[in-house]
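Visitor: I am new to this structure and would like to learn how to read its features one at a time. Could you show me the model and then take me through it slowly?

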Amino acid sequence: MDSFRIENGDCVSTFTLPCRILSLRTRTDSMEASELSIGMIFISLTITGILGNLTLLYHYIYFYLTRYRLRSTDWILIHLIVANILTVLCKGVPQTISLFGFTDFLNDIGCKLVCSLRRVGRGAGIGSTSFLSVFQAIIISPRNSRNSELKVRTHKCICCSVYLNWVIYLLISSVNLVHMRARYGNESTTNLKSFIYCYSVRHDPTSDILYATLLSGPEVLLLGLMLWASGSMVLTLYRHKQMMQYMSRTSLSSRSAPESRATKTILLLVCTFVSFYTISSVCQSFGALLYNPSWFLVNMTAMSSLLFPTVCPFLLMSQDSRISS
């Protein structure tokens, strides 16, 4: 009979088979515990994100139906909320289901649609946040600046830019309709890159670089616009604060207070977005460069992409006096 015992946390046996079985059981139990804990995190992020965004969307629809005058920036925020809902549904829900053991629950069409809509939601979120900061910078710019003519056409520019952004990312995400697919039965995944519930066909490094450039190009442009607009808003607020120190009348201050408060809210939103976007981009870059990304990296990438859509509605509701009242 073979005997084995545990000494100082290590298995000691006259034969190696019992120790290997015990070690495998330990690793399996540890993996199940980590999957359960990460699954609970995904459930929390998904439910919180969906409820928060739906609540905020309900408030804006209620304002519109009751003929409450919506600001131009409110229309961009509605697009941002829809993009957040799309991201949470297409990323959080499938990831949560897969963590509880249902890894191959999507067919080819499901994989292509989920991955494409997730990409559209991410792009629309970046575009909406960028245009929100740009147009707020235009709104608060001095009256005698060269942006004065553009202020009159702000609402039209908002509509055109936001809808064009949706169209551009719909076209870009169509690449996923070709590359993403499901796994059939016991099919080998040697030539497939696993994303837990879907798979991507492997390509040569040149094709991967071109694909990454196609995806990151518009995002870098929108991020640049966002940072430029944020810097412009900070400079405008600083000049406004200096001007207020030398004015004794309060009429201008009271008139500028709502715009100043809205600008600070958008700056807070942009800072939050850039922080979470940086984390998500770093994780996605590692996932794209690695030939076979680990289970932990895939889940961390998915989790980082849910942070902003989950936090965003609560940040906006806490800063909007119309909603809090």
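Visitor: Where is T272 found, and is T272 buried or exposed?

Guide: Keeping in mind that this is a predicted model, we can place T272 in helix α8, which covers residues 251-289. A residue is called buried when its relative accessible area is under 20%, and T272 is buried because its value is 15%.

Visitor: Which residues does T272 touch, once its neighbours in sequence are set aside?

Guide: Not counting residues up to four places away in sequence, T272 touches F308, V311 and L315. With V311, the two C-alpha atoms are 8.6 Å apart in space, while the two residues are 39 residues apart in sequence. The side chain of T272 also reaches back to its own helix, where the backbone oxygen of L268 is 2.8 Å away.

Visitor: T46 is another threonine that I would like to read in this manner; where is T46 found, and what does its side chain lie beside on the backbone?

Guide: T46 is found in helix α1, and a polar atom of its side chain lies 2.7 Å from the backbone oxygen of F42. T46 has a relative accessible area of 7%, so it counts as buried. Leaving out residues up to four places away in sequence, T46 touches V88, G92, V93, T96 and L306.

Visitor: V93 is in that list, so to which helix does V93 belong, and how accessible is V93?

Guide: V93 has its place in helix α2. Between the buried and the exposed classes there is a middle one, called partly exposed, and V93 falls into it because its relative accessibility is 31%.

Visitor: Which residues make the nonpolar surface patch?

Guide: The patch is made by L36, M40, L89, V93, I97, F100, F102 and F105, and its area is about 680 Å². When reading a patch, it helps to ask which elements supply its residues. Here α1 (17-65) and α2 (72-99) each supply at least two of them, and α2 gives the most, with 3 residues. V93 therefore has two roles in our reading, as a partly exposed residue and as a member of this patch, while it is also touched by the buried T46.

Visitor: How many salt bridges does the structure hold, and which residue is joined to R119 by one of them?

Guide: The structure holds 2 salt bridges. One of them joins E219 with R119, and their closest N and O atoms are 3.2 Å apart. Since E219 lies in helix α7 (residues 205-245) and R119 in helix α3, the pair ties together parts that are 100 residues apart in sequence. Both E219 and R119 are buried.

Visitor: With which residue does R122 form a salt bridge?

Guide: R122 forms its salt bridge with E219, and here too the closest N and O atoms are 3.2 Å apart. This pair links distant parts of the chain, with R122 in helix α3 and E219 in helix α7, 97 residues apart. E219 is buried because its relative accessible area is 5%, and through shared partners the salt bridges join R119, R122 and E219 into one network.

Visitor: What else is R122 in contact with?

Guide: R122 lies in helix α3, residues 108-139, and it counts as buried because its relative accessibility is 15%. Apart from neighbours within four places in sequence, R122 is in contact with T87, E219, Y277, S280, S281 and Q284.

Visitor: How many aromatic pairs does the structure hold?

Guide: There are 6 aromatic pairs. Among them is the pair of Y60 and F63, which is edge-to-face, with 6.3 Å from centre to centre and 80° between the planes. Because Y60 and F63 are 3 residues apart in helix α1, about one helical turn separates them. Both of these residues are buried, and ring pairs link Y58, Y60, Y62 and F63 into a cluster.

Visitor: How many helices and strands does the protein have, and what part of its residues counts as buried?

Guide: The secondary structure comes to 10 helices and 5 strands, and 42% of the 325 residues count as buried. Among contacts with a separation of 6 or more, 76% are between residues 24 or more positions apart. The accessible surface comes to about 18500 Å², of which 65% belongs to carbon and sulfur atoms.

Notes:
Residues numbered from 1 in each chain as written. Predicted model: local features only at pLDDT ≥ 70, side-chain atom pairs only at ≥ 80, totals over all residues. Heavy atoms only, no water. Patch = residues over 30% accessible without salt bridge, like charges linked within 9 Å, V, L, I, M, F, W, Y side chains within 5 Å. Areas by Shrake-Rupley, 256 points an atom, 1.4 Å probe, with all protein chains shown as cover. Salt bridge = Lys/Arg side-chain N within 4 Å of Asp/Glu carboxyl O. Helix = DSSP H or I, 4+ residues; strand = E, 2+ residues; numbered from the N terminus. Buried < 20%, exposed > 50% of the residue type's maximum accessible area, 1.4 Å probe, protein only. Phe/Tyr/Trp six-rings, centres within 6.5 Å; stacked < 30°, edge-to-face > 60°. Contact = heavy atoms within 4.5 Å. Polar contact = N/O pair within 3.5 Å; in protein donor to acceptor, adjacent residues only side chain to side chain.
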